[in-house]
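Me: I'm new to this structure and would love a close look at its largest nonpolar core. Which residues make it up?

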Amino acid sequence: LNARKIVLALQPVVDATTREVAFSEALLRVAGEGGRIVSAGDVVPAMERSGLVPLVDMRILELAVEHLLRHPEARLSVNISPLTLDSPD
């Protein structure tokens, strides 16, 4: 988190009828060694064990808001962990 290696990946979600992009799903990625991008499935279990999920979720929300400020026409969905939703913070 402090090294700012959490990045946002956007996956388009397409309307089955019109074949137009309806919105994009904002996905967690981590910039690894040598520029390698690591998917959430490879890092989320460790984040859950270490209690970092709420902090990571907040960073993803920050990145999503930054994206929307740069691209106000964009529509995003963001996955948030139940651990974060249960937190009073």
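Reply: Happy to walk you through it! A nonpolar core is a set of buried Ala, Val, Leu, Ile, Met, Phe, Trp, Tyr and Cys residues joined through side-chain atoms within 4.5 Å. Buried means under 20% relative accessible area, with exposed being over 50% and partly exposed in between (1.4 Å probe, protein chains only).

What you see is a predicted model, in which local features need pLDDT of at least 70 and side-chain atom pairs count only at pLDDT 80 or more, while totals for chains, interfaces and linings use all residues. Residues are numbered from 1 along each chain as its sequence is written, and side-chain values use heavy atoms, with hydrogens and water left out.

First, the setting. The protein has 3 helices and 4 strands (DSSP runs numbered from the N terminus: helices are H or I with at least four residues, strands E with at least two). Their order from the N terminus is β-β-β-α-α-β-α. Of the 89 residues, 24% count as buried.

Now the core itself. Its 11 residues are Ile6, Leu28, Val30, Val38, Ala40, Val43, Met47, Val53, Val56, Ile60 and Leu63. At least two of them come from each of S2, H1 and H2, and H2 gives the most, with 4 residues. In soluble globular proteins, nonpolar side chains tend to be buried together.

Val56 is a good residue to click on. Leaving aside neighbours within four places in sequence, Val56 is in contact (heavy atoms within 4.5 Å) with Leu1, Ile6, Leu28 and Met47.

Another core member, Val53, leads us to Thr84. Thr84 sits in helix H3, residues 82-85, and counts as buried because its relative accessibility is 14%. Beyond its neighbours within four places in sequence, Thr84 is in contact with Val53, Pro54 and Asp57.

Asp57 and Leu28 also take us to the largest pocket, which holds about 250 Å³ of space. Of the 16 residues lining this pocket, Leu28, Val44, Asp57, Asn79 and Ser81 are the closest to its centre. Strand S2 (21-31), helix H1 (40-50) and helix H2 (53-70) each give two or more residues to the lining. On a 1 Å grid over the protein atoms alone, a pocket is an open set of points where a 1.4 Å probe fits, with protein on both sides within 12 Å along at least five of seven lines; lining residues have an atom within 4 Å of a point. The volume is the space filled by probe spheres set on the points, which are joined across faces, edges and corners.
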